[in-house]
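Me: Please take a close look at one part of this structure. Then set that part in its surroundings.

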Protein chains: 2
Amino acid sequence: MERVRKGERRSDPDGPRPLADAVLRLIWRERRISRASIAESGGLSRSTVSEVVNEILPTGLVNEVGLGESRGGRRPVLLEFQDDACVILGVEMGAAHVAVALTDLRGGVLAWETREHPVRTDPEGTRALIAELADACLENGVQEGRPLLGIGVALPCPFDPALPDELSTIVLPAWEGHLGLEGVGDRYGVPLMADNDANLGALAEHWWGAGRGADDLAYIKLATGIGSGHIIDGEIYRGATGVAGEVGHTAIDPQGKPCICGLKGCLVTLIGTPALLERAGELLSEHPDSVLAGRGFGIAELEEAALAGDAVAVEVAEEAAGHLGIVVAGLLNLMNPSMVVVGGDLAGLGELLLVPLRETARSRTLVSSVRAAEIRASELGPKSVAIGAATLVLKAALNDSRLFRAAETNATGSVGRREK
Amino acid sequence: MERVRKGERRSDPDGPRPLADAVLRLIWRERRISRASIAESGGLSRSTVSEVVNEILPTGLVNEVGLGESRGGRRPVLLEFQDDACVILGVEMGAAHVAVALTDLRGGVLAWETREHPVRTDPEGTRALIAELADACLENGVQEGRPLLGIGVALPCPFDPALPDELSTIVLPAWEGHLGLEGVGDRYGVPLMADNDANLGALAEHWWGAGRGADDLAYIKLATGIGSGHIIDGEIYRGATGVAGEVGHTAIDPQGKPCICGLKGCLVTLIGTPALLERAGELLSEHPDSVLAGRGFGIAELEEAALAGDAVAVEVAEEAAGHLGIVVAGLLNLMNPSMVVVGGDLAGLGELLLVPLRETARSRTLVSSVRAAEIRASELGPKSVAIGAATLVLKAALNDSRLFRAAETNATGSVGRREK
DNA sequence: AGTACTTGATTCGGTTACCGAACATAGTCT
DNA sequence: AGACTATGTTCGGTAACCGAATCAAGTACT
């Protein structure tokens, strides 16, 4: 078990408490653990652990919950992390919808609200909608007195946390380069933090979903656009300017269709949602017996048809898997993750997508350990990005427990909202 | 200026000294700095800095070298890092040659020895050759009494430092999976550490060459094979199993020539050294007036001809740049480094290679900040890998100065060799 | 030149965050 | 019952810092 990183001398009594935070993280990770086990796995003395734990207990994040099994001596007092001590809001801004999840401190979704909205063109309405859905989540999902820890926001565009006020004007021109969500955080008196949607999907799958235990993973989000998020050594990888993961515009076929980006044959022109629907339409002319024939259909219907074994839908999915496999192979060769998680529109197809995807990817990768990387479908499905947004806040609080302390003072008898 | 990471409590008097190491690193980085400036930029008190510096001075790694300019008060005593306090051996094992560099603590090459050798098929002879060249370097390049800090080794195959005894049997079958160089380290009584050659090329360019200041960079090594090394956040990135950077087998043309790896149209089948020579041969039949016509030529002659403006050679280089550009574009989109450094066989062509490379790469990348990544040629040329091997040792010592202390006790009056 | 002020370096006492030893507690094993 | 073992707490000790005071050596103003 890795040693706890010990703290440095503090001059400021309100400063960070590295050791207390490290112990809190350990308890969080183990869920239930005794003081003696903390000392052992953290490389600390029992006296220090006692001291630190007694500092943590009054926060309510950890409780003593009875005794464990004896290992030949006195039975240990079990400490348990209280997953419901706080709640977190995770907001997903899509290109054309908003979703809000309310989670506990273990990634569990307590409430979920989503609505279609022209996010790209209506910043003011989007801000109001986020507040509305957040209120709804807090009213439906919160038990009395549970403080709100913070709000995480997933953005459908590149985002550099180093420059939080510089939003990409390419994807969201109407937003004029700034998010303007400070008001939402102020409304509840909690911190607000943001990141790119694919990054947060990757984070969620790493913490709670298909990617548990994989410290180096790539998450590929298939939708209208195609992006990837990368976890490297357990942390979100953003690249030099925060725009890593623009995997959708990898050129597959130099002679392919022109893309909005100005290039030809980008992955997104082949397997972006519009391309999939168009391809299905093409195939329908040869297969008038398909269940999709003669009616309008969207990606949900296409997915359903594929699962039902419809020849056209299956063909579309297999072609998409082939194209995606080429890019995944390049990704494996270059970055050598231990896992690739596929999320978004087609992830629900499961093995129908994964089998041809794995075959293409593995036939195009060289080194055996690269080929050994697991390729899986998202476990969290459409909620992964919003859950990841909430996880961003949880991660920050576990790294600096002052966020927990700030939230406690914020607990209200009402739904957690604070009238200022 | 970033704060120095303060030390944890030590129970072991021979344990690591994080603060002393951090101060030493700061002095190394600034080269000349006063105690007061260390306190300021490290976020420490002057009293602590005095104490720590007085602990460092007796090691001889840092000396007081006179007074600096007054800033309105007493003139500061300047401390200077002694770049020549130790020497380091950097060994490059290629597929068919061995090179050894002796460097100081600032990446300066004090001696350089290289010889052709069938490394792949002759492990025992290679080990003896490494020892021979190392001896030669120490005899030529070392001033009396300079201790040897350690030996770094660059390997022409994937290497996972977590499993140092499992060598890829694909690239080096005759080595039977283990390096067997412990004897060389023992011979001089110093530690020996290894890594992949492209990783070490990246490290060298990041520390001393074209990549200085770029905390996220990719280094692409063009040779018989093609590999890349990646620096992420200032550290070598190895991926989950230590084989990241297998960029040579990215598929460019699914209908292309078969590659030794079993795929078709890999980058290496288009711009690996043999492919370049073959392509030049093809073009010669149409251009009998080329300076290359009617004689045998290797990559050095091809490079020379291109620099002289020979049409065939220039055409080969430009085609190669185009193929490489496609892969570089994918790399930029995926990993968003701030710089790409091209090293190896063609790097000497300079702008002749870089201009078409930049054009292809930039025309195939989307986000403006990705396109802003600089694409440069290696500054360290053929020595970069061996220098990087030495840098691996330097880096380790700067992270744990006990290595320096161990080396001091090892100083000999002779060439640094120790008869055991 | 003399004086006030500034910056640099050292000394020394104080504080913090840890450890270790001793002890109380509560279990198992024979 | 007695020996032994593991858990948790108390308490004194100490390494690794800081801060204030002091000495040192420069600049700036009068």
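The contact between chain A and chain B comes first, and the core, the salt bridges and some backbone details follow.

Reply: This is a predicted model: local features need pLDDT of at least 70, side-chain atom pairs count only at pLDDT 80 or more, and totals for chains, interfaces and linings use all residues. Residues are numbered from 1 along each chain as its sequence is written, chains are lettered from A and ligands numbered from 1 in the order in which they are written, and side-chain values use heavy atoms, with hydrogens and water left out.

Start with the contact. Chain A supplies 39 residues, and chain B supplies 39 residues. Contact here means heavy atoms within 4.5 Å. The two chains bury about 3,400 Å² between them. Of that area, 62% lies on carbon and sulfur atoms. Buried area is the accessible area (1.4 Å probe) that two parts lose on being put together, summed over both.

Now the polar side of the contact. The rule finds 0 salt bridges across the interface of chain A and chain B. A salt bridge puts a side-chain nitrogen of Lys or Arg within 4 Å of a carboxyl oxygen of Asp or Glu. Polar contacts are counted too: 18 residue pairs between chain A and chain B, both residues at pLDDT 80 or more. Such a contact is a pair of N or O atoms within 3.5 Å; within protein, one must be able to donate a hydrogen and the other to accept it, and residues adjacent in sequence count only if both atoms are side-chain atoms.

Which elements of chain A give two or more residues to the side that touches chain B? They are β10 (226-232), α10 (311-335) and α12 (368-371) of chain A. Helices (H or I, at least four residues) and strands (E, at least two) are DSSP runs, numbered from the N terminus. With 4 residues, α10(A) gives the most to this side. By type, the side of chain A that touches chain B divides into 18 nonpolar, 14 polar and 7 charged residues. Ala, Val, Leu, Ile, Met, Phe, Trp, Tyr, Cys and Pro count as nonpolar, Asp, Glu, Lys and Arg as charged, and the others, Gly among them, as polar.

Next, the core. The largest nonpolar core has 104 residues. Such a core is a set of buried Ala, Val, Leu, Ile, Met, Phe, Trp, Tyr and Cys residues joined through side-chain atoms within 4.5 Å. Buried means under 20% relative accessible area, exposed over 50%, partly exposed in between (1.4 Å probe, protein chains only). V328(A) and V328(B) have the most contacts inside this core. Leaving out residues up to four places away in sequence, V328(A) touches I220(A), V340(A), L357(A), A361(A) and I375(A).

Salt bridges do turn up elsewhere. A search of the whole structure finds 38 over all chains. One of them joins the side chains of R71(A) and E40(A), at 3.9 Å from N to O. R71(A) sits in the loop between β2 (62-67) and β3 (77-81) of chain A and E40(A) in helix α2 (residues 35-42), so the pair ties together parts 31 residues apart in sequence. R71(A) and E40(A) are both exposed.

K257(A) and E278(A) form another salt bridge, also 3.9 Å, N to O. This pair links distant parts of the chain, 21 residues apart: K257(A) is in the loop between β11 (235-237) and α7 (267-271) of chain A, and E278(A) is in helix α8 (residues 273-284) of chain A. K257(A) is partly exposed at 39%. E278(A) is partly exposed at 45%.

R279(B) and E282(B) meet at 2.8 Å, N to O. Both lie in helix α8 (residues 273-284) of chain B, 3 residues apart, about one turn of the helix. R279(B) is partly exposed at 27% relative accessibility, and E282(B) is partly exposed at 37%. In chain A, salt bridges link R279(A), E282(A) and E319(A) in a network.

Last, the backbone of chain B. Most residues other than glycine have a negative phi. R31(B), not a glycine, has a positive phi of about 70°. R31(B) lies in the loop between α1 (18-30) and β1 (32-34) of chain B. At 44% relative accessibility, R31(B) is partly exposed. N336(B), not a glycine either, has a positive phi of about 50°. N336(B) is in the loop between α10 (311-335) and β12 (339-344) of chain B. Is N336(B) buried or exposed? N336(B) is buried, at 0% relative accessibility.
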